[in-house]
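User: I'm new to this one and keep tripping over the vocabulary. Could you walk me through why things are called what they're called?

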Amino acid sequence: MQNPDTIAAIATPLGSAGVGVIRVSGPLSPEAGRALFRPAHGECAWQSHHVYHGDLVSADGSRLLDEVLVTLMRKPRSFTGEDILEIACHSNPLILKEILKQLIKLGCRLARPGEFSQRAFLNGRMDLSQAEALAAMISARSEKAFQIGLAQLKGVLGNQIGNLRKLLIDALAQLETTIDFTDDVAQDEFPLIPPQMEEALIGLDLLLSTYPSGRLLNEGISVVITGKPNVGKSSLLNQLAGRKKAIVTDIPGTTRDAITETLNINGLCLHLTDTAGIRKPLDDIEKEGMELAEEYLQNSDIIILILDGSQPLTPDDHLLLEQNADRKQRLLIAVNKSDLPAAWSRNQISDAGLSDTRIFQISAKYGHGLDLLRQAVLDFSIGNPLTHDDHMIIHLRHKLALEKAQTCLVRAKEGLFTGQSPEFIAFEVREAINFLDEITGKRISDDVLEKIFSSFCIGK
């Protein structure tokens, strides 16, 4: 698809920097370059994918705008599959906006969010999973998330989906052959299940099993610190953050609001949140802080419950243990103030049903035991070290499509066992193929496309 419109946008973040880039895509790109650019040395041959140095002037030629580098990438060997002009200038917002204004005078229009990537998809330069991977790579908050996005941008996920699709097409061909010869084949001679369908089901299971870890790697891991007031929650946050993020005092109830710090540990993104101390609230503000803390706890991936090891356990401590007992699958217990004499032993919390919960002795004040706690958070998040990052499912949309395809194949398998008509079985396999095609964009509605690309940044 070639779009008659020529779009333009600032492709780099606004702000003072060494270089800013403006991107233009569409049929007017070469014309815009010739109208605004004045080469510094001789004539400009405008060879594709060559960089030229010179000055940029206004559309009427009356004003010098900036000293720039320009590159023309002729279709179809460009990101969008259209003629693209890229202008690298000094990154002053005033300069960037003025150049964009001159391009609009020449007939370009402002690009919508994600419109460059959308054109790349519509022109067959990438499939939809690659476009989504590009957005994920740009917004990645950790090294591992970036690596996943980069691998999927190179087509790893699209190739996997393509392999599953081929298996199902082969299975469908086998089923349709059975349909064509239904009158000549006895019922007991029908194949119970095409082997390709079984192989596809195994592949779907493997992909779906990667989503929990993939989601955490892509979105970051939500870690919430809880406990009663004055047990060292804010001190722990500051130690893990490596700076004074939260106020620490001896006054109970200092933290009223939730305080979040984003950390990068061993290539993983952690969203670490310190919450208000849990106790009987003394006023409405403290009550609201505790209600907010409960919301964070409900939506967290990991909970670190801090207990004061230097003081006997209190009713508030036991209440916290009971309240978090049903969350023990994502609970770590940190016994703080290990630098002081211990006032209780571990077996005192076994009655709360948490005897198998991991317990760590730490000193948030001096940093003792925090390395083990950090490692436990990482292990708790993704289990064993990941060896197939590039094969992971990181988007909910992909997960839902794979689950629907899986459901169709399970129904087809059950239908074969119960002797259903081959036409019904073939219908389920076709539906499974359609759901796989939603991931790569071979079959997708315009509404879904608009929703996906509207979440991209402008200029991408």
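Analyst: Sure, let's start with a helix. In α5 (residues 143-153), the buried residues are Ala145, Ile148, Gly149, Ala151, Gln152 and Leu153.

User: Why are Ala145 and Ile148 called buried?

Analyst: Because buried means under 20% relative accessible area (exposed is over 50%, partly exposed is in between; 1.4 Å probe, protein chains only). Ala145 and Ile148 are on the buried list for α5, and across the protein, buried residues make up 49% of the 460 residues. This is a predicted model, where local features need pLDDT of at least 70, side-chain atom pairs count only at pLDDT 80 or more, and totals for chains, interfaces and linings use all residues. Residues are numbered from 1 along each chain as its sequence is written, and side-chain values use heavy atoms, with hydrogens and water left out.

User: What makes a stretch like α5 a helix?

Analyst: Helices are DSSP runs of H or I with at least four residues, while strands are runs of E with at least two, numbered from the N terminus. α5 covers residues 143-153, so that run qualifies. The protein comes to 15 helices and 13 strands. After α5 comes glycine 155, with a positive phi near 100°.

User: How do you know that β1 and β2 pair?

Analyst: Two strands pair if DSSP finds at least two bridges between them. β1 (residues 7-10) and β2 (residues 17-25) have four bridges, in the antiparallel sense, so they pair. Isoleucine 7 sits opposite serine 25 in β2. Both strands belong to an open, mixed sheet of seven, ordered β3-β4-β5-β6-β2-β1-β7.

User: Why are β3 and β7 called edge strands?

Analyst: β3 (37-39) and β7 (109-110) each pair on one side only.

User: What makes a space a cavity?

Analyst: On a 1 Å grid over the protein atoms alone, it's a set of points where a 1.4 Å probe fits but cannot get out; lining residues have an atom within 4 Å of a point. By this rule there is one cavity of 30 Å³ or more. The largest cavity holds about 70 Å³, volume being the space filled by probe spheres set on the points, which are joined across faces, edges and corners.

User: Which helix gives the most to the lining of the largest cavity?

Analyst: α12, with three residues. Leu373, Arg374 and Val377 are among the lining residues, and the lining divides into nine nonpolar, no polar and one charged. Arg counts as charged, along with Asp, Glu and Lys; Ala, Val, Leu, Ile, Met, Phe, Trp, Tyr, Cys and Pro are nonpolar, and the others, Gly among them, polar.

Notes:
1 Å grid on protein atoms, 1.4 Å probe; cavity = no way out; pocket = protein on both sides within 12 Å on 5 of 7 lines; lining within 4 Å.
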